[in-house]
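Notebook open, coffee poured. I want to look up how the helices pack, how the sheet is put together and where the aromatic rings pair.

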Amino acid sequence: MDRYRIVSPGGVVKELSFSAGVSLRQAYTRVADELKCAVKDVSIVVRDPGSMLPRQLHLSDAPLSTALAPGGVLLVESNSEAADECKPSEAPVRASPPIGMSNFGNTCYMNSALQCLYHTEALKSQLFSTDASGLVVDAFFAVMRRLWSNTEAFAPRELKEALEERTGHFRGYAQQDAQEYIAILLDSLHEDLRRERFSPMLVDGDDLWQKARATDASIVSDTFQGQLRSKVRCSTCGAEEETFQLFWSLPLSLPVRPPGSELMLAELLDEFCAEEDLGESWICPHCTQAVQASKQMELWRLPAVLQVHLKRFEWQVPVLGGAAKLRGHFEDLKETRSTVRQCEPDSMKVRDKSELSAFEEAAALPWEVQEKMYSLLLQILSKICEAPQTLKFRSVSKSSVRLRGDLLDSDAGVSLLEWAGFQDVGERLELVSPVAEVEETRKKLQVHAEALHMRYLRRVRDERIQEERRRRLPTGESQPIRRWGGRLPSFGGQRSTACKKLRPQVLVGEAFCLDRWLAADAPGPRGGRHELFGVVEHLGDTPFSGHYVANCRLESGLWWRFNDSVVSRLPDAQALTGDSYVFFLESTGTSEHVSEKKK
C-alpha cells in the first residue's frame, strides 16, 4: 500500500492509503469520497521542491506514483461550493512536526526571522486568504506554503533574491542583523499588500492614525502597527503639548547587570515610559519662553502583535580624533530628547554657570568646528595626564597655528580653555591645576564630546532615513510616517568600535497586560492580554558575528527551537535566555485594532 497525506481545502490533513499502481482517476474518486463531494468539485495539485507554483494532477489513467512519489502531499482545491471546505479563512495547521530552513551562506538571520513571522498567526491567516500579488509577497507566500506542506528543510533563495531586487539590501552572504531584516521585509510586504486609498474621517488629535489607515494600510500594518503619544508639560503654567507617532517595533534599552541576572519586560517598559526631565530646553507656547518641562512617552494604541527588540550592545566610543570613529550603530525611538539631556549625560555634572556657558557657546557652532575644538583640547589634557611631571605639556604657545585655528580664533574656544583651567601668561597659555583635577576635567570633556558626536550622527542618519521615506511615501506629504524609529546602517560596517553585550535574561510572564503603560485617555478597550509566541536569539559576543536561532510556540502550546534546518522541542523554561533579542507577543483579547482590521 502507498500512503499519501491529503490536505483538504479547509486545511484538514488526512492520511490515505492507495493500492500500488493506483491511477490518478482512481485517486480522484477516493479523495472525492473522503470529502463527500463529486469528482468534478475538486482538483488535486502538488508542489514540487524548488518550484513556487503548484502543479495540477489531471484526470488520467497514469499511475499516481509517477506523478508523486509515495509519502508525498496532495493538496486538494475546491472547484465549487459543493466541496463545502473551500479556501480557508485561516491558515492551515500542520499535522506533522514543523520543519526548518537550510543555511545557504550566513542566512541564519533570515531563517530565524521567517520562522517567527510564519508563526505569527494574525499575519499568516490573512496572507492565506488574500489574492494580492507582488515581487516580495509572492516569494514570501511561497515560503509560508512550503513551511506548511514540505516534510524536509529547504533554502528560501527566491525570497532572498526578491528582497535584494526590491530594496538592494542583504546582497551577498555576509552576516546581517535579524531585526533589521524583519523591518525591511515587513516594509516590502507592506508595499505589495497596501490597500486602496480612501478619504478618512479625521478626528481631532488622532489624524495621524486615521490618515495612515486610509492611505497607508495593509495586512502588515493591521498586524504590527501601534501608536505612541509623547506629552511635554510645562512646570510653570501646566500647559501640555502632545505629539503622536506610529510604531511597528519598540526598542527597549537594557540596564547594565551581571550576566545571569533576570529582569521583567515590565521593568523595561517602565523605563521607556518614565517621565523625563527636560530642564529649561523647551519653549512653552503659553509662557513664550524656555521653561522647566518634563516629557513622557505613553502607549496610545496597541498592535495586534507587539514586536519588541532589546538593545543588547553597549558601545564603547573611542576618543574623538582617533583612528576609530563612532559610526551610526545607534537607534533611539525617543529621538526628540532635549539638548541639555543629550549633551550633558547624568555622568557629567555641571560645576557652575561658567561651565554651562562654555558648552552653550560651543553648541552654537557647526559640529565640524566643535569636533576640532574638543579633539585638540582632549589631546592637550591627555598629554598632561600621561606625563604629569613634564612641565612643557602644561604650557602651549598662543602662536601655534592649530591652536589658533581650532580654539583661539573663536570666543567659544577661548571659553573652553578658560573652563579647562588655562591662564593667559604673555605669549603662552598655562594650566596650573592639580593632576587629579585635570584628569576629572578631561573625563568630563570626553563624555560631553562623545554625547555630542552621537547626537550628530543620529541627526544625520535620521535626515537620510526621512529623505528616503519621503521619496517612497504614497501620500506625497512632507512628513514621512515613521514606524521603526530609524534603521541601523548596513550591518557590520565599522568594526573598530568596541562594544559589550548585555546579557540579562528578560522574562515576560503569562497573559502580559499592557494597560499599565497605556495612556489613561487612550481610545479603545482595556484589559487585553499579550502572550509571547516567538523569540529571535542572537548567540555571540558582538553584533558582527555569531548565530541566530528562533524559538516559537506552536498552536499546541509547545515551544520549538528552529536552528536553521535542525528543529527540536524546547522546554518552556528555555524559551527566553540572556541572548533573546526580538520578542513577538500576540493579543489574546479584544481590542479596537483587531476589530478594525476586519472592516
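**Entry 1: H5 on H7.** I started with handedness: H5 and H7 cross in the left-handed sense. This is a predicted model, so I am reading computed geometry here. Helix H5 covers residues 135-149 and helix H7 covers residues 178-193. I get an angle of about 110° for the packing, and the axes are 7 Å apart. The 65 to 115 degree window counts as roughly perpendicular, so H5 is roughly perpendicular to H7.

Next I looked up who touches whom. From H5 I noted Leu-135, Val-136, Val-137 and Phe-140. On the H7 side they meet Leu-185, Ser-188, Leu-189, Asp-192 and Leu-193. Sorted by class, this contact has 7 nonpolar residues, 1 polar and 1 charged.

**Entry 2: H6 on H7.** Helix H6 spans residues 157-167, and its axis comes within 11 Å of the H7 axis. The two cross at roughly 75°, and are therefore roughly perpendicular to each other. H6 brings Leu-159, Leu-163, Arg-166 and Thr-167 to the contact. H7 answers with Tyr-181, Ile-184, Leu-185, Ser-188, Glu-191 and Asp-192. I split these by class into 5 nonpolar, 2 polar and 3 charged.

Leu-185, Ser-188 and Asp-192 turn up in my list for H5 and again in my list for H6.

**Entry 3: a ring pair on H7.** How many aromatic pairs does the structure hold? I find 8. The one I wrote down is Tyr-109 with Tyr-181, with 5.5 Å centre to centre and 75° between the planes. Planes over 60 degrees apart count as edge-to-face, so that is the label for this pair. Tyr-109 sits in helix H3 (residues 108-118) and Tyr-181 in helix H7, so the pair links distant parts of the chain, 72 residues apart. Tyr-181 is also among the H7 residues that meet H6.

**Entry 4: the sheet.** I moved on to an open sheet of 4 strands, in the order S7-S6-S11-S10, with antiparallel pairing. Which strands are at the edges? They are strand S7 (240-247) and strand S10 (276-284), each pairing on one side only. Ignoring direction, neighbouring strands are turned by 35° against each other on average.

I then zoomed in on strand S6 (residues 226-234), which pairs with S7 over 8 bridges, in the antiparallel sense. Gly-226 stands opposite Phe-247 in S7.

**Entry 5: a helix on the sheet.** Last lookup: helix H8 (residues 207-215) lies across S6, S7 and strand S11 (289-301). H8 runs at about 25° to S7.

Definitions and conventions: Residues numbered from 1 in each chain as written. Predicted model: local features only at pLDDT ≥ 70, side-chain atom pairs only at ≥ 80, totals over all residues. Heavy atoms only, no water. Axes fitted to C-alpha atoms, helices over the stretch in contact; angles between N-to-C directions. Parallel < 35°, antiparallel > 145°, perpendicular 65-115°, else oblique. Left-handed = near helix turned anticlockwise from the far one by under 90°. Contact = heavy atoms within 4.5 Å. Nonpolar A, V, L, I, M, F, W, Y, C, P; charged D, E, K, R; others polar. Pairing = 2+ DSSP bridges. Phe/Tyr/Trp six-rings, centres within 6.5 Å; stacked < 30°, edge-to-face > 60°.
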